[in-house]
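The questions below go through one molecular structure step by step, each with its answer. Please keep the sequence and the coordinates at hand while reading.

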Amino acid sequence: MTQNLQTTTLPLPTTSTMNSQLKQTLPALAVVALIIIFGPKLMNSNSIAPTPHAPTIKEDSKGRTVMLHSSNWKFEPSVIRLKKGENVSLHLMGIEGDHGIAIPGLGIKETMAKGGMSLVKVPTDKAGTFEFFCNVQCGSGHSDMQGTIIIE
Ligand SMILES: [Cu+2]
């Protein structure tokens, strides 16, 4: 704030009028020279790349893979956060025991046996909280095997 005030009061003293005029015209000349030198180049680059805004959707189109492991008796991670519209797959991996995964809200149902692997695409067109759980009677901790996918 104080710097702005100083620069605005600079041209007021009459003793250094010549100096301040030079100081004002020299940068102006430099800018004109730069426009003459680089102007055509800038015009060309503008015509080649008409959209300066980088599309963020393209980065997402590469896709993302989220690891999801099953063991006795848990899913890891148990909470998965995704972005709405994001291109994402679940990499399901059975570490221990014979399990399965059901995500009714997203239409996903897969077996997750020990040593098994599968890649499942997640529909992210609608935001929401989607519960998932083990759908194989795997033993005493079966009911503990649940988690949540949050799409926001
Ligand atoms: Cu189970």
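Q: What percentage of the contacts in the chain with a separation of 6 or more comes from residues 24 or more positions apart?
A: The model is a predicted one, in which local features need pLDDT of at least 70 and side-chain atom pairs count only at pLDDT 80 or more, while totals for chains, interfaces and linings use all residues. Residues are numbered from 1 along each chain as its sequence is written. Two residues are in contact if their C-beta atoms, placed from the backbone, lie within 7 Å. Among contacts with a separation of 6 or more, the share from residues 24 or more positions apart is 65%.

Q: What pattern do the helices and strands follow along the sequence?
A: Helices (H or I, at least four residues) and strands (E, at least two) are DSSP runs, numbered from the N terminus. The chain has three helices and nine strands, and read along the sequence these give α-α-α-β-β-β-β-β-β-β-β-β.

Q: In what order do the four strands of the open sheet lie?
A: Two strands pair if DSSP finds at least two bridges between them, and in this open sheet the pairing is mixed. The edge strands, each pairing on one side only, are β2 (74-76) and β7 (117-122). The order of the four strands is β2-β1-β4-β7.

Q: Which residue in β4 stands opposite Ser70?
A: Strand β1 (residues 64-71) pairs with strand β4 (residues 88-94) in the parallel sense, over seven bridges. Within β4, Ser89 stands opposite Thr65, and the residue opposite Ser70 is Gly94.

Q: How many residues does the hairpin use to join β1 to β2?
A: Strands β1 and β2 pair in the antiparallel sense over three bridges, and His69 stands opposite Glu76 in β2. The loop between β1 and β2 holds Trp73, which a cis peptide bond with omega of about 0° joins to Asn72. The hairpin connects the strands β1 and β2 through two residues.

Q: Which residue is joined to Glu76 by a cis peptide bond?
A: The omega of this bond is about -5°. The partner of Glu76 lies in the loop between β2 and β3 (79-82), and this partner is Pro77.

Q: Which element gives the largest share of the largest nonpolar core?
A: A nonpolar core is a set of buried Ala, Val, Leu, Ile, Met, Phe, Trp, Tyr and Cys residues joined through C-beta atoms within 7 Å, where a residue is buried if 20 or more other C-beta atoms lie within 10 Å of its own. The largest such core has 16 residues, and those with the most contacts inside it include Leu92, Phe130 and Ile149. The elements that give two or more residues to this core are β4, β5 (98-103), β8 (128-133) and β9 (146-151). The largest share, three residues, comes from β4.

Q: Which residues does Ile149 touch, not counting residues up to four places away in sequence?
A: Ile149 is one of the residues with the most contacts inside the largest nonpolar core. With residues up to four places away left out, Ile149 touches Ile80, Leu82, Ile103, Leu106, Phe130 and Phe132.

Q: How many contacts beyond four places in sequence does the model have for residues 45-60?
A: The pLDDT, which is the predictor's confidence in each residue, from 0 to 100, averages 79 over the chain, and 61% of the residues score at least 70. Over residues 4-8 the pLDDT is below 50, and this stretch has zero contacts beyond near neighbours in sequence. Over residues 45-60 the pLDDT stays under 50, and the number of contacts beyond four places in sequence is two.

How values were computed:
A residue is buried if 20 or more other C-beta atoms lie within 10 Å of its own, exposed if 12 or fewer, and partly exposed in between; C-beta atoms are placed from the backbone.
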